[in-house]
Amino acid sequence: MAFFGTNGVRGIANEYITPQLVIDVARSIGTYMGSEGTVAIGRDTRASGEMLKSAAIAGALSVGLTVIDVGIVPTPSIQYYVKDHADAGIVITASHNPREYNGVKLIAEDGSEFSREGEREVEKIYYSRKFTAASWERTGDLRTDLNANEYYIKGIIDSVDSESIFRKGFKVVVDTGCGAGSVTLPFLLRRLGCEVITINAQVDGTFPWRNPEPTPDVLTELIDIVKMTGAVMGVAQDGDADRAVFIDEMGNFIPEDILLAMMAKYVLERKKGPVVTPVSSSSRMLDVTRDAGVELVWTAVGSINVARKMMEVDAVFGGEGNGGLIFPEHQYCRDGAMACAKFLEIIAGGQKLSELAASVPVYYNSKTKVRCEDLEGTMDKVKKAFAGSENKVDAIDGVKIWYDDGWVLIRPSGTEPIIRIFAESGTQERAEGLMKEGVKLVEECKA
Ligand code: MG
């Protein structure tokens, strides 16, 4: 199994993600960079964060890199910082994973996530253990810059219609879940003239109230406060604040794939151009882009794939159906705070979130997973089963089979011996039917 998963290296802190592992990852990236340049190093709020950030700093200095310690930062904040101030970035984060986890994520020179190819190179060095060691007089210098978050907040204010937001003086309820968004989102919103009511906005790496993943079942308090206070919106972020989910002014949780379509619709009303999303996204995206007369470009699952494709086709918007929205006018990465500011811009323009949510088409989903030891062999057979069929088949990531009234996506997991089956249609019944057909096919192919 690859060292770097979908989102960097992750595991339980001080068991798998030890200081030694982090030192070696930092030495690997330093060796990859030819022992030259500046790396920004930051972390989310996890309890083991300071320990692991110190390890990353030590590793990078030992190779001879200049290190800028940026402290506690959301992932999109350090990404924005790296773009203009460093040659690479290392962020100690496990995003939405449970409390006991931590991880390492690498950031490329342009602020985007490290490419898969780059990760493979770093991985090779990691396993070869051929790290460069700087001679005693050339070990790196360490600086501290605690202005990364301020720089990031300013970048967002400059990328939205902040004047119209400011004039409205919106009431907004914020639940940053004690994660990295706690040091940015409430401050951004106050700067945008909002009356901000916060819950779980203290930095606390034990995440005392809720898990870092903002699922509807842990957001009941946020929902209650939105209803009680008459706020225009509630917002909750995951542990590293690259994703955000939203509660409308009626107190309804807006499913993430609807958020994506809502934002695409809003963006396309103002600017025409390609939109990029992974194959797992809802057909809502197809409808919204078709109505706007623009191209929808599908990619493999993973925000890095979406971001890179957006650069390539000069997209006006892109994102995933999990609350990870990418705004090219700000930066090519998922950004929860930017999404929040953009939704306020929508509300400032006179639309209510509940109305915009109701204006995107309705689809239903059904999903399951099947255990499978031979992922590659089984997927090959799945592909062959549809060769020459009348159905349109996409093999961008797994196999996606299109029907007149829906689709089913069959994808192997990158980390476990399972195949995921995900279906969508205009009715729940048909979505379940398509899902079951997918399961049947996988069962036949793995036999
Ligand atoms: Mg995240």
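These exercises work through a predicted model, from overall build to single residues.

**Exercise 1. The chain as a whole**

Task: Find how many helices and strands the chain has, and judge how compact the chain is against a globular protein of that length.

Solution:
1. Count the elements. The chain has 15 helices and 19 strands.
2. Take the radius of gyration. The chain has a value of 22 Å, and the globule rule gives 22 Å for 447 residues, so the chain is as compact as a globular protein of that length.
3. Box the C-alpha atoms along the principal axes. They fill roughly 70 × 60 × 40 Å.
4. Check burial. Of the 447 residues, 59% count as buried.

**Exercise 2. The magnesium site**

Task: Name the residues that coordinate the magnesium ion, and give their spacing along the chain.

Solution:
1. List the donors. Ser 95 gives its OG atom, while Asp 238, Asp 240 and Asp 242 each give an OD atom.
2. Read the distances. The donors sit at 2.1 to 2.2 Å from the magnesium ion.
3. Write the spacing. The donors follow S-x142-D-x1-D-x1-D.
4. Classify the aspartates. The cut-off for buried is under 20% relative accessible area. Asp 238 has 0%, so Asp 238 counts as buried. Asp 240 is buried at 1%. Asp 242 is buried at 3%.
5. Look for a charged partner. Asp 238 also forms a salt bridge with Arg 243, with the closest N and O atoms 3.6 Å apart. Arg 243 is buried too, at 6% relative accessible area.

**Exercise 3. Two salt bridges in two settings**

Task: Place the pairs Arg 284 with Asp 257 and Glu 443 with Lys 446 in the chain, and state whether each residue is buried or partly exposed.

Solution:
1. Recall the principle. Side chains of opposite charge can pair when their charged atoms come close.
2. Start with Arg 284 and Asp 257. Their closest N and O atoms are 3.0 Å apart. The pair links distant parts of the chain: Arg 284 is in helix α10 (residues 284–292) and Asp 257 is in helix α9, 27 residues apart.
3. Check their burial. Arg 284 and Asp 257 are both buried.
4. Turn to Glu 443 and Lys 446. Here the closest N and O atoms are 3.7 Å apart. Both residues lie in helix α15 (residues 428–446), three residues apart, or about one turn of the helix.
5. Check their exposure. Glu 443 has 36% relative accessible area and is partly exposed. Lys 446 has 35% and is partly exposed as well.
6. Widen the view. The structure holds 30 salt bridges. Arg 43, Glu 50, Lys 53 and Asp 69 are linked in a network of such contacts.

**Exercise 4. The second largest pocket**

Task: Describe the lining of the second largest pocket by residue, helix and class.

Solution:
1. Give the volume. The second largest pocket has about 170 Å³.
2. List the lining. The residues are Tyr 266, Val 267, Arg 270, Lys 271, Ala 315, Val 316, Phe 327, Pro 328, Glu 329, Lys 342 and Glu 345.
3. Assign helices. α9 (256–270) and α12 (336–348) each supply at least two lining residues. α9 gives the most, with three residues.
4. Sort by class. Six lining residues are nonpolar, none is polar and five are charged.

**Exercise 5. The enclosed space**

Task: State how many cavities of 30 Å³ or more the structure has, and which residues line the largest cavity.

Solution:
1. Recall the principle. Rolling a probe the size of a water molecule over the atoms shows where empty space is left.
2. Search the whole structure. One cavity of 30 Å³ or more is found.
3. Give the volume. The largest cavity has about 50 Å³.
4. List the lining. The residues are Thr 6, Asn 7, Gly 8, Lys 105, Leu 106, Glu 113, Phe 114, Arg 116, Glu 119 and Ile 304.
5. Assign elements. β5 (101–107) and α4 (116–128) each supply at least two lining residues.
6. Sort by class. The lining has three nonpolar, three polar and four charged residues.

**Exercise 6. A loop residue**

Task: Locate Glu 390 in the chain, and decide whether Glu 390 is buried or exposed.

Solution:
1. Find the place. Glu 390 is in the loop between α14 (375–385) and β16 (392–394).
2. Apply the cut-off. Exposed means over 50% relative accessible area. Glu 390 has 82%, so Glu 390 counts as exposed.
3. Add a distance. The C-alpha atoms of Glu 390 and Leu 344 are separated by 45 Å, and the two residues are 46 residues apart along the chain.

Technical notes
Residues are numbered from 1 along each chain as its sequence is written. This is a predicted model: local features need pLDDT of at least 70, side-chain atom pairs count only at pLDDT 80 or more; totals for chains, interfaces and linings use all residues. Side-chain values use heavy atoms; hydrogens and water are left out. Donors are N, O and S atoms within 2.8 Å of the metal (3.2 Å for Na, K and Ca); water is not among the atoms, so sites may look incomplete. Buried means under 20% relative accessible area, exposed over 50%, partly exposed in between (1.4 Å probe, protein chains only). Helices (H or I, at least four residues) and strands (E, at least two) are DSSP runs, numbered from the N terminus. On a 1 Å grid over the protein atoms alone, a cavity is a set of points where a 1.4 Å probe fits but cannot get out, and a pocket is an open set with protein on both sides within 12 Å along at least five of seven lines; lining residues have an atom within 4 Å of a point. Grid points are joined across faces, edges and corners, and a volume is the space filled by probe spheres set on the points. Ala, Val, Leu, Ile, Met, Phe, Trp, Tyr, Cys and Pro count as nonpolar, Asp, Glu, Lys and Arg as charged, and the others, Gly among them, as polar. A salt bridge is a side-chain nitrogen of Lys or Arg within 4 Å of a carboxyl oxygen of Asp or Glu. The radius of gyration is taken over C-alpha atoms; the globule rule is 2.2 Å times the number of residues to the power 0.38.
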